[in-house]
Amino acid sequence: MKIYQRPQFLRRFKKLSLAEQSELRAEALRLPDVIGKPHLHSSVGFRPFGRYFEFRVGLKMRVLFLIENGDAHLVTLGDHDEIRAYVKNNS
């Protein structure tokens with residue numbers, strides 16, 4: 001599985017602190033290990049969200065992504081309300 005970053009994700013990622021970026025990278029790199037293994041999903045807060053999936057980074061940050069052709073495409077990031085709004089406006 002490869003992990004791709006879409007433009008909106010990259011714009012928001014660049015605004016994070018270096019510590020937040022590092023934490024997000026670490027969680028994103030765990031995706032190949034947890035997808036398809038429900039007992040590991042809870043450790044990263046991985047769950048379906050409409051046609052998307054999301055995972056947690058810390059207590060407040062969420063990353064929205066799609067699985068396409070077996071690869072993860074990081075779409076955007078934000079808090080719970082921002083992710084809900086994105087899904088509502090882009091589904």
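## Nonpolar cores

In this predicted model, the largest nonpolar core comprises 15 residues, and those with the most contacts inside it are Leu24, Phe55, Val63, Leu74 and Leu77. Two or more residues are given to this core by each of the elements H1, H2, S3, S4 and S5. Apart from it lies another core, made up of eight residues, among them Phe49, Val75, Tyr86 and Val87.

Leu24 can be followed further through its contacts: once its neighbours within four places in sequence are left aside, Leu24 is in contact with Phe9, Phe13, Leu16, Val57, Met61, Val63 and Leu77. Of these partners, Val63 and Leu77 are also listed among the residues with the most contacts inside the largest core, and Val63 has Leu77 as its bridge partner in S5.

## The sheet and its order

Five strands form an open sheet in the order S1-S5-S4-S3-S2, and the pairing within it is mixed. S1 and strand S2 (47-49) are the edge strands, each of them pairing on one side only, and from one strand to the next the twist averages 40°.

Helix H1 (residues 7-14) packs on this sheet and touches S1, S4 and S5, with a direction that makes about 50° with that of S5. Helix H2 (residues 18-29) also packs on the sheet, where it touches S1, strand S3 (52-57), S4 and S5, and the direction of H2 makes about 130° with that of S3.

## Strand S5 and its partners

Strand S5 (residues 71-78) is largely enclosed by the rest of the structure, because eight of its eight residues are buried, that is, each has under 20% relative accessible area. In the order of the sheet, S5 stands between S1 and S4, and the pairing differs in sense on its two sides: strand S1 (residues 3-5) runs parallel to S5 and is joined to it by three bridges, whereas strand S4 (residues 61-68) pairs with S5 in the antiparallel sense over seven bridges.

Individual bridge partners place these pairings at the residue level. Towards S1, Tyr4 has His73 as its bridge partner in S5; towards S4, Leu64 is partnered by Thr76, and Val63 by Leu77.

## The hairpin of S4 and S5

S4 and S5 form a hairpin with two residues between the strands, and in this hairpin Asn69 takes a positive phi near 55°. Both strands of the hairpin are touched by H1 and by H2, and S4 and S5 are both among the elements that give two or more residues to the largest core.

Terms used
Residues numbered from 1 in each chain as written. Predicted model: local features only at pLDDT ≥ 70, side-chain atom pairs only at ≥ 80, totals over all residues. Heavy atoms only, no water. Buried < 20%, exposed > 50% of the residue type's maximum accessible area, 1.4 Å probe, protein only. Helix = DSSP H or I, 4+ residues; strand = E, 2+ residues; numbered from the N terminus. Pairing = 2+ DSSP bridges. Axes fitted to C-alpha atoms, helices over the stretch in contact; angles between N-to-C directions. Contact = heavy atoms within 4.5 Å. Core = buried A, V, L, I, M, F, W, Y, C linked by side-chain atoms within 4.5 Å.
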